[in-house]
Amino acid sequence: MASAPRITLAKGFVLLMLFFAVIATIVAARLVPQSFGLRFEAPGRLALAEVLKGKAIRHTPIAPVANPCPRSLAGAVVTNPPELLSRNGLLTVDFSYQTRTDSDGRQLFCFMTPDGSENPTLRLNPGDRLVINITNNTPTTSFKMALNPPNCGSSEMTSSSLNLHFHGTDLSPQCGQDEVIRTTINSGETLTYSVRIPDDEPPGLDWYHPHIHGLAEAAVQGGASGAIIIDGFRDFQPAISVVPQRVLMIRDQILAEEATPRGAVPSWDLTVNTVPIAFPTEIPAAIEMRPSEKQLWRVANATSNTILDLMVVYDGKPQPLQIVGLDGVPIRSESGNANHGLNLWATHVLIPTAGRAEFIVQGPASSVPHAVLMTRRVDTGPSGDNDPPRLLARILPAPASAQLGLAVERRVRSAVGLTWLSRFRNLASLHKAIQRKLYFSETPGDEATRRFFITIAGQVPQLFDANNPPTIVTTRGSVEDWTIENRTQENHTFHIHQTHFLVLKQTNDNQDNGAAVGQFLDTINIPYWDGDPNHPFPSVTVRMDFEGPTTGDFVYHCHILEHEDRGMMAIIRVMPSKFSATFEKARLQAAVWLNRWFRRNDSRSSTDEAWCIAGRVVTRRSQRPQAIDSML
């Protein structure tokens with residue numbers, strides 16, 4: 001008899017806690033999205049003053065362009081992409097997102113401007129405003145999937161949905177800026193992006209591309225990407241100002257001829273600035289240089305799935321490459337010292353998917369008969385793609401009358417100068433960083449059934465879902481050391497949005513030339529595990545810096561986009577204060593408890609749900625929320 005009141009009190013306490021959890025969840029559900037800027041304005045063209053406030057707005061549709069997504073012929077001379085420059089602190093761009101099918105049956109995608117330019121390079125200074133009005137002019141599709149609010153743009157996803165990611169830039173993850181979780185632009189819809197490049201944005205090469213989960217691989221492989229250049233290199237290293245600059249966007253695409261990838265047969269064809277290097281002939285493109293001329297090559301690995309290992313070879317001899325930047329940051333920036341730079345030399349440069357490398361190349365003398373740009377073989381593991389060596393371009397002497405059309409570096413306004421150096425100062429010497437461990441894993445199976453995960457140690461692996469709670473909640477101002485392991489038998493490329501990280505350590509990495517350690521990157525290759533249980537998992541340890549102004553939800557994932565589309569992505573939430581972070585962790589844990597409470601009688605049940613993976617509608621078992629112990 002004496003135990004009955006205690007049971008009643010226990011039940012009452014649980015019910016009381018559940019009541020407060022419900023109230024907290026409802027309040028947070030109403031307040032948190034607004035605090036992250038997830039809002040959408042009414043239709044109509046607003047005044048420039050409203051655009052400059054950074055709001056996402058509906059815009060007058062951009063008309064489709066005739067003959068979209070043009071491609072060069074095999075063996076053609078590589079030219080720089082068309083370039084758009086900011087003027088008086090502003091660059092406004094109109095994009096028509098379009099598609100077509102080429103003669104080999106491949107679906108191509110591209111960003112077209114009204115004058116017919118394709119995927120232009122966007123060139124900006126720190127502090128500039130970039131406004132992009134974009135209309136999705138691809139055909140409508142029958143597949144539709146509802147998206148839970150809050151939404152930025154459409155409340156449903158289709159097989160032709162679109163959004164934009166400004167890869168490498170440190171922009172806000174708000175609606176109308178660099179937000180990819182909730183932003184959806186469907187066929188016939190228009191959205192305006194308005195972003196301000198931070199004053200402390202480092203000079204270098206970034207890029208833009210679509211980032212709809214489940215469709216990213218197809219869009220990027222179809223060619224929808226372009227370069228973003230943040231000027232300011234000449235203020236860090238004046239010698240750069242007189243060196244002509246070549247922008248090389250290397251993309252991959254489906255093989256023109258169906259073949260089993262092995263030996264010399266690659267998993268994917270490559271293109272260099274739309275010039276195809278197609279199996280089986282693999283006719284290289286042509287790059288023209290004046291004899292012994294120095295050029296700054298700004299190279300983006302804009303492929304979906306192909307890891308590059310670039311080398312310049314003259315008469316069979318690898319040439320020294322003077323590396324000046326990686327992933328949009330000048331090398332040797334970790335000290336925050338302007339006296340460093342231009343002192344990293346290599347004979348080859350490994351560039352993972354989505355990575356960038358900027359290096360000075362001295363052209364061949366007139367006496368050199370055979371000069372090429374090539375990618376070496378990359379061993380991606382027993383389960384990985386086949387990336388054999390390939391000639392990408394022959395380096396040929398430019399005719400005396402040739403206009404190469406190469407860009408030069410602009411000087412940034414004096415108020416900006418080397419402001420970006422302060423962003424990285426003293427980060428390497430900090431000793432009170434939060435420690436986290438993450439790992440890549442996969443399910444066994446064939447290409448159609450295999451699923452991919454990135455998981456916090458201690459959590460249960462989950463496929464990405466935009467409606468999942470964040471796997472990590474942290475605070476603005478925090479510094480964290482993440483160790484990321486690869487527990488699979490194929491390479492993975494780790495990438496995080498909104499910030500760069502300092503590479504502290506690499507283990508079991510026999511593929512990199514050592515340039516990564518001590519550098520600031522946003523994308524890094526992690527080689528495959530050999531499967532020997534006596535051997536450690538290959539890993540990297542990186543230092544994450546959340547000391548900037550960015551708060552909100554954004555993602556980290558494998559940037560081999562087939563893997564990302566199949567689930568290898570998760571959400572991090574950065575809160576503005578320790579108090580708000582503590583409340584948010586408690587709210588999310590309460591939501592997990594609440595879910596378990598109401599499902600306690602059917603804990604073994606699960607339901608089937610439709611989902612879009614790699615552009616195809618599939619059915620998968622629904623997932624219950626997991627505990628978030630590792631966030632606390």
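**Strand 21, a five-strand sheet and a cavity**

Modeller: Six of the six residues of strand 21 (residues 321-326) are buried, so the rest of the structure largely encloses this strand. This is a predicted model, where local features need pLDDT of at least 70, side-chain atom pairs count only at pLDDT 80 or more, and totals for chains, interfaces and linings use all residues. Residues are numbered from 1 along each chain as its sequence is written, and side-chain values use heavy atoms, without hydrogens and water.

Colleague: What makes a residue buried rather than exposed?

Modeller: Buried means under 20% relative accessible area; exposed is over 50%, and partly exposed lies in between (1.4 Å probe, protein chains only). Of the 632 residues of the protein, 59% count as buried.

Colleague: What makes 321-326 a strand, and why the number 21?

Modeller: Strands (E, at least two residues) and helices (H or I, at least four) are DSSP runs, numbered from the N terminus. The protein has seven helices and 42 strands.

Colleague: How do you know which strands pair with strand 21?

Modeller: Two strands pair if DSSP finds at least two bridges between them. Strand 21 has three bridges to strand 23 (residues 344-346), antiparallel. Leu321 stands opposite Ala346 there. Strand 25 (residues 356-362) is joined to strand 21 by four bridges, also antiparallel. Strand 22 (residues 329-330) has two, again antiparallel. Each count satisfies the rule, so each counts as a pair. Gly325 has bridge partners in two of these strands: Glu358 in strand 25 and Pro330 in strand 22. The hairpin of strands 21 and 22 has two residues between the strands, and Asp327 takes a positive phi near 55 degrees.

Colleague: Why are strand 32 and strand 37 called edges?

Modeller: Five strands form an open sheet, order 32-40-39-34-37, with mixed pairing. Strand 32 (472-475) and strand 37 (523-526) each have a single partner strand, so one side of each is left without a neighbour in the sheet. Strand 37 pairs with strand 34 (residues 492-496) over four bridges, antiparallel. His495 has Thr523 as its bridge partner.

Colleague: What makes a space a cavity rather than a pocket?

Modeller: On a 1 Å grid over the protein atoms alone, a cavity is a set of points where a 1.4 Å probe fits but cannot get out; a pocket is an open set with protein on both sides within 12 Å along at least five of seven lines. Seven cavities have 30 Å³ or more. The second largest has a volume of about 130 Å³, the space filled by probe spheres set on points joined across faces, edges and corners.

Colleague: Which residues line the second largest cavity?

Modeller: Lining residues have an atom within 4 Å of a point. There are 17, and the closest to the centre are Ile454, Gln462, Thr471, Met569 and Ala570.
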